[in-house]
Amino acid sequence: MRKRSFLFLSLLVPAFLVLGGYAVVKAQQKASSTASGKRWSDAATWPDKKVPGKDAVVTIEKDMDVVLDVSPLPLHGLRINGKLSFADNKDLELTTEWIMLHGELEIGTEAKPHTRNATITLTNNVPGEDIDAMGDRGIMLMGGTLSLHGTEKNSWTKLAKTAGAGSNTIEVLNPGDWRKGEQIVVASTDFDPHQAEERTIAGVSGKVITLDQKLQYMHYGQVTFGVDERGEVGMLTRNIRIQASADAESSFSGGHVMAMAGSTMKVSGVEFFRMGQHENLARYPIHWHLVGDTQGQYIENSAIHHTFSRCVTVHGTNNVRVENNVAYDNVGHCYFLEDGVEHGNQYLSNLGMLTKCNPNRPCNSTNALNGSGAGQNATDQLIPSDNTASTFWITNPDNTYRGNVSAGSEATGFWMAFPEHPTGKFEGTEIAAKTWPRRMQMKEFSGNVSHSSVDGLMFDRGPNAQGKFNLGGNTHLPYTDPSDINSARLESVFQDFTSYKNSGAAIWARGENHVFKGLKLADSGIGYTHAYPGVAPYHGDFTSKVEDSLFVGETDNKGTPKTEAEIAYGRSMPRKDADYPIRGYEYYDFTHHIVNTKFVNLWTMPLAKPEPSLTCCTPAFRSALTTMSKA
């Protein structure tokens, strides 16, 4: 079947061109757009007095203002050089292979959010297209403006009390305006991130939410021994949805949104579903790509879920705000700060749940539980570290991370993966030579939470130019002038970090002049390890300092015991080896300080005569080990 394309040129002289088998109709360019725009459904808008049909390639020329007031037949493609906006008096769906945006696409504004349901579905009936070298199956901005503003503001909350396995209700702190029929996720509060459970709301009464199905696992909802282990509950549904068609679930090649230099993205209250293209570089759910300095650009109050490559990518772009978003069931590093040159970006109150290394296989990570490093050579990943995937991948200290939560990752929660110089697109450039992430001070890392991972916070193992890293890692020491190691040394401060239920370590760090204030670490194989900072011609005034903090070996959050050893002990355990000695705080070499810090439920080895100390395990744990050893 021949496919028709519609273009706007002069109505006085209609022109019909044949390009590559597509009929192209050129229509009038308006001198200026009307306030309301021309209706898509109005035959008078189109030169042949017919609205675009199935498989058309439609171009809205510069100075044209079109309002989508109907759900059109599926298109082959859409070029927007002028403006396309969605009417807000009915639910609408736009289905197309791709959208190339030089002009403006608007679904609601910051001042007037869109109130009806609006869906853009990206199909792949013609695979392998490369539209202006920006790929296929995407909303692609080349100097254009994307303005998407839905109504949802309450992205996530916490449990108000524990929800037992088998329960079909949960009580939360703040359900906002959540409604029947919407999709939510209850985060894991155990070691296994796959205990996150997706449910549909069957009803809301006050702060009690009735679920469509019973919960399979217990989800903890209390502050225990001073540590807040109340599970997070994230809202996935939004009234604006950007999605790939269902075939992406088998191909792992979904849609993508990508902004190039000169483009503007302002996104609020949007759902991204089946997005990202596995093993396809630069094709992510939403992606600022080499935009440079920005002003007032953001993604907020949105949900990115069931995706195949990352969540939010900021690459070669500065001053973007990423706030109050929910990510769930995503592949590879999720909130991804790419090359190490990016600065001034703000990550505020974001939630990530179930970060995976691969769509259909387990991780082959490089960490203390699996030190071979072989997984870095896998061919089914974008970069070597994706096999040790993190919810927050941070490559430059000059950015703000405040109030974020990694609530379940197959490998890592937060990863301070600082290269010596920026990598990737910036490797060998002048700006890279002048940028020293391993010698820069942390701008802000405060109030963040990580749980249900292998490592909660990894402050080590930054990549080399090839993207690889080793367990020996690399040191970090900030200077007033990062290019001069003889300049005054600075301190990097980590404030009010909470981490629990990590099978590896709540914190693994390497470097000097690191200050941790207000830590609350619990229920992990190791609370905090500060590794040898390495042999260097320079050292800090101290290596690490822990102040006003709390370490708890085991809390009242017993998880969901599964193995024979766990059932005998009465709680889930961080390691398969049931006699693994839980450790609170450990370090080796150089100078470390602990100030005004409390240790609870931690005891010394051997098992006999328990005495309060910094290491090992509780009497109940030792008793269980003794019982099992006699069995």
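Tutor: A disulfide is a pair of cysteine sulfur atoms within 2.5 Å. The model discussed here is predicted.

Student: How many disulfides does a search of the whole structure find?

Tutor: One pair is Cys-311 and Cys-334, with sulfur atoms 2.1 Å apart. Cys-357 and Cys-363 form another, at an S to S distance of 2.0 Å. Both distances fall within the cut-off of 2.5 Å. The search of the whole structure gives a total of two.

Student: What is the handedness of the disulfide of Cys-357 and Cys-363?

Tutor: The handedness is read from the torsion about the S-S bond of Cys-357 and Cys-363, which is about 90 degrees. This disulfide is therefore right-handed.

Student: What is the handedness of the disulfide of Cys-311 and Cys-334?

Tutor: Here the torsion about the S-S bond of Cys-311 and Cys-334 is about -105 degrees. With that value, the disulfide is left-handed.

Student: How many residues apart are Cys-311 and Cys-334, which link distant parts of the chain?

Tutor: Both Cys-311 and Cys-334 are buried. Cys-311 belongs to the loop between strand E29 (303–305) and strand E30 (312–318), whereas Cys-334 belongs to the loop between strand E32 (326–331) and strand E33 (335–337). The separation of the two along the chain, in residues, is 23.

Student: Is Cys-363 buried or partly exposed?

Tutor: Its partner Cys-357 has a relative accessible area of 2%, so Cys-357 is buried. A residue counts as buried under 20%. Cys-363 has a relative accessibility of 22%, so Cys-363 is partly exposed.

Student: What percentage of the residues of the protein chain count as buried?

Tutor: The protein chain has four helices and 51 strands. It exposes about 23200 Å², of which carbon and sulfur atoms supply 51%. Of its 631 residues, the buried share is 60%.

Student: Among contacts with a separation of 6 or more, what percentage is accounted for by residues 24 or more positions apart?

Tutor: The count covers contacts in the protein chain whose separation is 6 or more. Among these contacts, the share from residues 24 or more positions apart is 67%.

Student: Which residue in E22 stands opposite Val-185?

Tutor: Strand E17 (residues 183–186) pairs with strand E18 (residues 197–205) in the antiparallel sense over four bridges, and Ile-184 stands opposite Arg-199 in E18. Three bridges join E17 to strand E22 (residues 232–235), again antiparallel. In E22, the residue opposite Val-185 is Gly-234.

Student: What is the volume of the largest pocket?

Tutor: The lining of this pocket comprises 29 residues, and those nearest its centre are Phe-191, Leu-369, Ser-503, Pro-574 and Lys-576. Strand E41 (449–459) and helix H3 (564–569) each contribute at least two residues to the lining. The volume of the largest pocket is about 840 Å³.

Student: Which residues lie closest to the centre of the largest cavity?

Tutor: The structure holds six cavities of 30 Å³ or more, and the largest cavity has a volume of about 80 Å³. Its lining is made up of 13 residues. The closest to its centre are His-278, Val-331, Gln-381, Leu-382 and Asp-386.

Student: What is the phi of Asp-523?

Tutor: Most residues other than glycine have a negative phi. Asp-523, in the loop between strand E45 (520–522) and strand E46 (526–531), is buried because its relative accessible area is 3%. Its phi is positive, near 55 degrees.

Student: Where does Phe-252 lie?

Tutor: Phe-252 also has a positive phi, near 60 degrees. Its place is in the loop between helix H1 (248–251) and strand E24 (256–259).

Student: What distance separates the C-alpha atoms of Asn-370 and Leu-471?

Tutor: Asn-370 lies in the loop between strand E35 (351–356) and strand E36 (390–394) and, at 26% relative accessibility, counts as partly exposed. Leaving aside neighbours within four places in sequence, Asn-370 is in contact with Asn-364 and Ser-365. Leu-471 is 101 residues from Asn-370 along the chain, and their C-alpha atoms are separated by 9.9 Å.

Notes: Residues are numbered from 1 along each chain as its sequence is written. This is a predicted model: local features need pLDDT of at least 70, side-chain atom pairs count only at pLDDT 80 or more; totals for chains, interfaces and linings use all residues. Side-chain values use heavy atoms; hydrogens and water are left out. Buried means under 20% relative accessible area, exposed over 50%, partly exposed in between (1.4 Å probe, protein chains only). Contact means heavy atoms within 4.5 Å. Accessible areas come from the Shrake-Rupley method with a 1.4 Å probe; for residues, only the protein chains shown count as cover. Two strands pair if DSSP finds at least two bridges between them. On a 1 Å grid over the protein atoms alone, a cavity is a set of points where a 1.4 Å probe fits but cannot get out, and a pocket is an open set with protein on both sides within 12 Å along at least five of seven lines; lining residues have an atom within 4 Å of a point. Grid points are joined across faces, edges and corners, and a volume is the space filled by probe spheres set on the points.
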